[in-house]
Amino acid sequence: MSSSSSILILLFPLPLILLLIIPVSIGIYVWRDAKRRRMNAVLWTIIAVFAPTLIGFIVYLLVRSNYSDLECPSCGTPVTKDYAVCPKCGAKLRMSCPQCAFPVEPDWKVCPHCAAPLPEDIREVTAPVCRKDKALWKILAAVIILPIAAIAILFAAMNIPTGTGSCGMQEVPFDDYREIVSETTLNEVKEDLAGMAQEQSLDKAYALRYERTVNGNSEYFYLLLVSGAGDQTHTSFGQSTGLFGTTLEVNLEWTGSDNSVFCLVSSAANPPKLKVTVDGKKLDCEIKDVSYNPTVYLTEP
Ligand SMILES: [Zn+2]
Ligand SMILES: [Zn+2]
């Protein structure tokens, strides 16, 4: 397996996973937050996760401000501002009259409920504190950053030409081909092609590939045989390089003629994939690596 195809397998699910992180983390956040505030956790989690374009989550953030988000400063238990003591650890959360337990304010001297005088020592309370909500900022950051990251990966994964490598293609009639290549090459080509195409299929393209490296740069030569696609008056041909490697694309039309072969040359970092279409239909492409140059392109140093 080439390195580019393993990158493909690794990267393909990544944008999806990134985009899944958002609803999952929103769901967990809303579930926990709603439970603390004694809101309907099931209902709000469903709304926040499944309402489209985060509208459910936004509505939740607006509605939840009506519900307490206070906690006991001693033990962290969720409490409301009406609690006089923490139900879990007993910490005194707000001042109250020692006689009738009516809630009182720090600057009051007398209880307005039972008229008892309020002693100094009741002022020693640990008022409930607002919960620190770091998770919300993480989610908001994820909502902004993850889609951008997912789009960036998708973009990188698609075949964006990076401008590396050049290519060329030439259709060569058989008669010319026989004259250009040496007899040795001709015999080897005949043998190799015969070995590949026992019964030549119209749905298949056959190619012999020769790779050579000059000064650290690779060049790939392809001799391409497509049954019934000779004598092309116009063809389209191009090379694109992306994260998934380089692709050589040859678009032909059905002419019914077997009179010619196609010679391709490409310089790329990795062996390019061949994509051959006839009248827009993609053909299976069988490629055989050979140790000689089967094309009419010259490879003398
Ligand atoms: Zn407590
Ligand atoms: Zn009182």
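Begin by selecting Gly216, which sits in the loop between strand S5 and strand S6 of what is a predicted model. Gly216 counts as exposed because it has 5 C-beta neighbours inside 10 Å. If you then add Pro173 to the selection and draw a line between the two C-alpha atoms, the separation comes to 33 Å, for residues that are 43 apart along the chain.

From this loop, move to the strands on either side of it. Select S5 (204-214) and S6 (217-226), and with them S8 (245-252), S9 (260-266) and S10 (273-278), each of which supplies at least two residues of the largest nonpolar core. That core has 29 residues, and S6 gives the most to it, with seven residues. To display its best-connected members, pick Ala205, Ala207, Tyr222, Leu223, Leu224, Val226 and Val261, which are the residues with the most contacts inside the core.

Stay for a moment with Leu223 and show what surrounds it. Once residues up to four places away in sequence are left out, Leu223 touches Val189, Ala207, Leu208, Val261, Cys263, Pro294 and Thr295. There is also a second, separate core, made up of eight residues, and Ile26, Ala34, Ala48 and Tyr60 are among them.

Two of those names, Ala48 and Tyr60, lead to the next stop, since both also take part in a helix contact. Select helix H3 (residues 41-50) and helix H4 (residues 55-63), whose axes come within 5 Å and cross at roughly 135 degrees. That angle makes H3 oblique to H4. On the H3 side the contact is made by Trp44, Ile47, Ala48 and Phe50, while H4 brings Gly56, Phe57, Val59 and Tyr60. Coloured by type, the residues of this contact divide into seven nonpolar, one polar and no charged.

Next, go to the loop between helix H2 (14-36) and H3, and select Arg38 there. Its backbone deserves a look, because most residues other than glycine have a negative phi. Arg38, although not a glycine, has a positive phi of about 60 degrees. Arg38 is exposed, with 11 other C-beta atoms within 10 Å.

A comparable backbone feature can be found at Ala101, in the loop between S2 and S3. Ala101 has a positive phi of about 65 degrees, and again the residue is not a glycine. Ala101 is partly exposed, as 13 other C-beta atoms lie within 10 Å.

Within the loop between strand S2 (78-79) and strand S3 (129-130), select Val110 as well. Val110 is exposed, with 12 other C-beta atoms within 10 Å. Leaving out its neighbours within four places in sequence, Val110 is in contact with Ala115, Pro117 and Leu118. Cys97 may be added for a distance: Val110 and Cys97 are 13 residues apart in sequence, and their C-alpha atoms are 8.6 Å apart in space.

Finally, zoom out and colour the protein chain by domain. Domain 1 takes in residues 3-69 together with 131-157, domain 2 runs over 70-128, and domain 3 covers 167-290. With this colouring in place, compare the positions of domain 2 and domain 3, whose C-alpha centres lie 86 Å apart.

How values were computed. Residues are numbered from 1 along each chain as its sequence is written. Chains are lettered from A and ligands numbered from 1 in the order in which they are written. This is a predicted model: local features need pLDDT of at least 70, side-chain atom pairs count only at pLDDT 80 or more; totals for chains, interfaces and linings use all residues. Domain bounds come from an automatic or database domain assignment. Axes are lines fitted to C-alpha atoms, for helices over the stretch in contact, and angles run from 0 to 180 degrees between N-to-C directions. Helices (H or I, at least four residues) and strands (E, at least two) are DSSP runs, numbered from the N terminus. Angles under 35 degrees count as roughly parallel, over 145 as roughly antiparallel, 65 to 115 as roughly perpendicular and the rest as oblique. Two residues are in contact if their C-beta atoms, placed from the backbone, lie within 7 Å. Ala, Val, Leu, Ile, Met, Phe, Trp, Tyr, Cys and Pro count as nonpolar, Asp, Glu, Lys and Arg as charged, and the others, Gly among them, as polar. A nonpolar core is a set of buried Ala, Val, Leu, Ile, Met, Phe, Trp, Tyr and Cys residues joined through C-beta atoms within 7 Å. A residue is buried if 20 or more other C-beta atoms lie within 10 Å of its own, exposed if 12 or fewer, and partly exposed in between; C-beta atoms are placed from the backbone.
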